[in-house]
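Thank you for making time this morning. I would like to walk slowly through one structure, starting from a small detail and working outwards, so please have the picture open as I speak.

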Amino acid sequence: MKNTFLVKTVEEGLRVCSYETDRFKTGILSVNMVLPLKGNIAEKSLLPSLLCASCKEYPDLLSLNRKLAELYGAELSPSVAKHGENLVLRISMTQICDRFALDGESLSTECAKLLCKALFEPNVSDGAFDGPTVEREKRLMLDRLEAFKNNKRSYALKKMVDLMCADEAYSLSSLGSEEDIRALTPEQLYASWQDLLKTAFVQLQVVGDLNTEAITDLFRQYFDRVEGRSVRKGETTVIPFAKTVKRGLEEQDIQQSKLVLGFRCGMQEPFENYAKVRTFVDLFGGGTYSRLFMNVREKQSLCYYCAARLMGSKGIITVQSGVETENAEKTETEILKQLAEMKAGGVTEEDLQKSHKSMEDDFLSVFDTPEELDGWFYSQVADDEFQTPEELVAELKAVTRQDVIDMANNVTLDTVFLLKGTGTGDGEED
Amino acid sequence: MAKIIPHENALLGDTYYEVLHDTGLTILVYPKPGYSTSYAVIGTNYGSIDDALKVRGGEEEQLPWGTAHFLEHKLFESEELDAFERFAETGASANAYTSFDRTCYLFSCSSHFKENLEILLDFVQHPYFTEATVQKEQGIIGQEIRMYLDDPGWQVLFNLLKALYVGHPVRVDIAGTEESISHITADLLYRCYENFYNLHNMALAVAGNVTVEEVLAICDSSLREDPEVFVERPDKGEPKEIVRPVADQEFAVTIPTFALGFKETHDTPIRSTKERLLTDILMDIIGGETSALYERLLREGLIDTGFGYEYFTGPGYATVIFEGRSRDPEAVAEAIKEEIRVLRRDGVDPAEFNRLRKMNYGKAVMSYNDIDGLANGLVGAYLNGAELFEELDLYRELTVEDANEQLARQFLEEYSALSVVHGPSQAV
């Protein structure tokens with residue numbers, strides 16, 4: 001059936017999600033694998049990029065990349081991310097639809113095969129991955145860790161989360177620790193790959209003008225060869241309320257300070273009261289009608305950005321802003337004042353309507369790109385239930401003013417982190 | 001009734017329509033049946049490189065750097081409800097951006113399209129600036145400028161442009177400097193608005209769940225006639241020489257960031273689509289994921305997966321830029337230059353050329369999904385005098401001879417510069 005979300009558990013630990021449609025020029029096929037966020041993360045997180053670097057048939061990066069170029073620039077992409085206290089390893093293939101192939105090739109079959117070969121038939125021998133390839137990928141992962149520090153905004157956010165969740169598995173980096181990455185061996189990665197195939201919950205996602213049935217059959221020809229499957233998913237601990245406020249400070253020679261606040265939002269488990277909390281966050285610091293945008297930016301001119309975001313899989317709300325160092329305290333006070341006013345009932349019916357309309361508009365745009373449809377499945381990869389955008393929109397529209405006030409009153413400040421700029425303002429001049 | 005010109009592409013199975021409206025505005029509509037949302041963008045041929053205002057036959061007036069971007073921020077305001085507040089009533093998400101050569105205002109929505117397009121056309125036709133609102137914005141934009149000062153990728157690019165360009169305003173940050181924007185006044189904004197925001201100097205593009213008829217009906221009732229103003233984009237007289245071959249800046253970074261640029265001369269104001277596509281393929285041949293150079297630099301630990309390149313070009317400027325992070329940027333720069341020397345000596349390999357032509361064709365097809373990309377692409381192509389579908393046909397016609405011929409004029413070492421942003425302990 002076309003133009004509809006289909007979610008089907010075809011066997012224990014294997015779920016197939018599809019949205020077939022012919023309105024796009026491209027198709028996306030992805031394998032998303034869920035493991036608990038614990039133990040040695042590095043030996044897991046390196047796998048997607050290692051598997052996308054070669055396979056038995058195309059045993060080095062050049063031959064694999066040339067094959068992808070010949071498949072009209074098909075993109076084989078690795079990724080790794082946290083979903084609450086689960087780690088999701090992902091390999092995706094984006095390709096143009098068969099009808100655009102200039103010589104009538106069946107691109108979708110070739111692309112699906114290549115994805116399966118990357119995952120199930122890597123370039124391994126004698127119980128180990130190829131040594132030089134492993135060393136290169138380790139180095140690239142270490143460079144990613146280093147490069148991450150160059151983006152001051154996301155660096156400050158991560159430092160806040162690390163401090164906030166210091167005693168929780170959530171503070172583990174999705175890339176693994178530097179020490180663990182350095183110590184990885186080709187044999188260890190082989191064992192970890194075997195473990196991934198045996199224990200991960202797997203979600204196969206198909207979006208676009210692709211044949212889900214044929215792809216699923218092809219995938220299972222490889223998948224069913226894996227012996228001794230026993231699936232383990234992680235449980236996410238959610239802390240509903242903060243007890244005391246933790247504070248962190250780091251100084252750097254930068255021009256603008258980055259202020260990050262972390263709040264607990266009363267959730268007892270992931271995504272509890274999601275629609276209500278999401279609406280609160282939207283009115284607090286989401287759209288241009290939100291309190292943070294209207295007051296901290298527009299009225300007080302304290303910053304260019306001041307935005308609140310909800311991490312529903314962990315029950316955390318973050319607020320990020322870039323400010324003059326001397327205004328950091330003032331900005332924090334102003335953010336908390338806006339929260340206090342919402343707790344005291346400062347939510348109008350008019351604002352609620354704006355939020356409803358804006359989020360409806362946002363969530364319905366999911367249907368217009370294959371990336372967003374694929375992302376919609378992906379965002380729910382660690383959940384047992386599946387919700388469509390329409391279902392979420394219906395829940396959001398049922399949220400009342402009182403719900404938002406109640407949610408505001410569940411919100412407690414947990415952590416404040418300031419990446420303090422000590423820069424003098426000298427760039428390179430002529 | 002204005003004439004509707006269809007532009008059809010048989011391969012894609014898509015058609016968009018072009019209309020020159022009676023008011024002088026060019027309207028482009030790309031219907032996407034089955035889509036849930038619509039996206040509209042209106043753009044003017046006025047960006048950060050326009051640091052002077054000159055109407056045909058008139059005197060040239062210098063403008064403070066960052067004026068186009070400042071005007072973009074302020075156009076959302078009106079005497080009553082500002083545009084953001086009006087879009088909040090309908091649920092649309094609205095935004096705007098300023099680039100080197102244009103300023104665009106946009107929204108996307110899944111309902112109330114008519115109302116939203118009316119708001120868009122209304123606020124871009126009704127400026128409202130006062131000294132008080134201009135002053136307030138200086139604080140916000142000041143923070144925006146400072147945010148970019150902490151972005152090594154942004155800094156390394158502008159340091160490169162300052163090393164390559166002697167006088168072309170492309171060397172200055174789009175938002176200007178904290179000093180330059182302090183000279184902006186409400187009067188100045190009105191003057192720029194009156195001239196650059198002339199409908200004859202603008203284009204509207206809509207893509208998504210719309211028909212050309214409904215867009216035209218809304219335009220008919222929302223646009224007011226605009227007498228044509230001929231704004232000129234004077235030639236900057238940029239010499240072919242560069243300022244200096246290196247630029248260094250110390251920064252709070254852990255791995256140095258670099259940008260290697262090859263400046264080109266300009267006999268036409270804008271590069272043609274064919275020149276752009278050939279350059280893309282040549283850059284792929286030199287340092288793309290299928291190149292031996294890329295594989296070697298990765299293997300030797302000289303680059304990471306953030307390595308990339310672009311053809312940085314617009315009115316009066318064109319530079320090929322290779323950029324990334326490296327512990328030894330000089331070694332990477334030398335390796336790229338050596339690869340170019342070898343390519344120049346041996347010529348382009350026909351098999352590699354065909355493979356990359358196929359890849360680039362595929363990437364081009366991929367870009368026809370996103371209505372935001374399509375609408376912005378339509379406006380950009382129109383303002384640059386190009387046609388959106390042109391590239392798909394061109395990919396089939398390009399030959400290895402074309403590539404070799406173009407190679408002779410490009411990637412010239414004597415007009416290249418290397419910009420590096422490095423940490424305090426990594427002095428170069």
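**From one strand outwards**

Let me begin with a single pair of residues: Ser77(A) has Ser92(A), in strand S5(A), as its bridge partner. Please keep in mind throughout that this is a predicted model. The two serines belong to a longer pairing, in which strand S4(A), residues 75–83, and S5(A) run antiparallel and are joined over nine bridges. These two strands form a hairpin with two residues between them, and in the turn Gly84(A) has a positive phi of about 60 degrees.

S5(A) is also paired with strand S3(A), again in the antiparallel sense, and here eleven bridges join them. As an example from that pairing, Val34(A) has Val88(A) of S5(A) as its bridge partner.

Now, how many of the eleven residues of S5(A) are buried? The answer is eleven of the eleven, so the strand is largely enclosed by the rest of the structure. For those who are new to this, in a regular strand the side chains alternate between the two faces of the sheet. In S5(A) both faces are covered, with Asn86(A), Val88(A), Arg90(A), Ser92(A), Thr94(A) and Ile96(A) buried on one side, and Leu87(A), Leu89(A), Ile91(A), Met93(A) and Gln95(A) buried on the other.

For contrast, let us turn to Gly228(A), which sits in the loop between helix H9 (212–223) and strand S9 (246–252) of chain A. Is this glycine buried or exposed? Gly228(A) counts as exposed, because it has 8 C-beta neighbours inside 10 Å, and the cut-off for exposed is 12 or fewer. The C-alpha atom of Gly228(A) is separated by 22 Å from that of Leu51(A), and these two residues are 177 apart along the chain.

Let me step back to chain A as a whole, which has 16 helices and 13 strands. Its C-alpha trace spans about 60 × 50 × 50 Å along the principal axes. A compact globule of 430 residues would have a radius of gyration near 22 Å, and chain A, with 23 Å, agrees with that. Of the 430 residues in chain A, 50% are buried. If we take the contacts in this chain between residues at least 6 apart in sequence, we find that 82% of them join residues at least 24 apart.

Chain A is divided into domain 1, residues 6–223, and domain 2, residues 246–421. Taken over C-alpha atoms, the centres of these two domains are separated by 30 Å. Where they touch, domain 1 of chain A contributes 29 residues and domain 2 of chain A contributes 25. Several elements supply at least two residues each to the domain 1 side, and S5(A), the strand we began with, is one of them. The most comes from helix H6(A), which gives ten residues to that side. Sorted by class, the domain 1 side has 16 nonpolar, ten polar and three charged residues.

Chain B can be described in a similar way, with a domain 1 at 4–222 and a domain 2 at 246–422. In chain B the centres of the two domains are separated by 27 Å, again taken over C-alpha atoms. Here 41 residues of domain 1 are in contact with 33 residues of domain 2. Which element gives the largest share of the domain 1 side in chain B? That share, ten residues, comes from helix H5(B). The residues on this side divide into 24 nonpolar, twelve polar and five charged.

The two chains also touch one another, and this contact takes 60 residues from chain B and 51 residues from chain A. On the chain B side, helix H12(B) gives the most, with ten residues. By class, the chain B side has 23 nonpolar, 21 polar and 16 charged residues.

Finally, there is the largest nonpolar core, which has 255 residues, and in which Leu115(A) and Ala375(B) have the most contacts. Helix H4 of chain A, residues 107–120, provides the largest share of this core, with eight residues. Leaving aside neighbours within four places in sequence, Ala375(B) is in contact with several residues, among them Tyr30(B), Tyr39(B), Val41(B) and Ala205(B).

That brings me to the end, and I am happy to go back to any part of the picture.

Terms used. Residues numbered from 1 in each chain as written. Chains lettered and ligands numbered in written order. Predicted model: local features only at pLDDT ≥ 70, side-chain atom pairs only at ≥ 80, totals over all residues. Domains from an automatic or database assignment. Contact = placed C-beta atoms within 7 Å. Helix = DSSP H or I, 4+ residues; strand = E, 2+ residues; numbered from the N terminus. Nonpolar A, V, L, I, M, F, W, Y, C, P; charged D, E, K, R; others polar. Rg over C-alpha atoms; globule rule 2.2 N^0.38 Å. Buried ≥ 20, exposed ≤ 12 C-beta atoms within 10 Å, placed from the backbone. Core = buried A, V, L, I, M, F, W, Y, C linked by C-beta atoms within 7 Å. Pairing = 2+ DSSP bridges.
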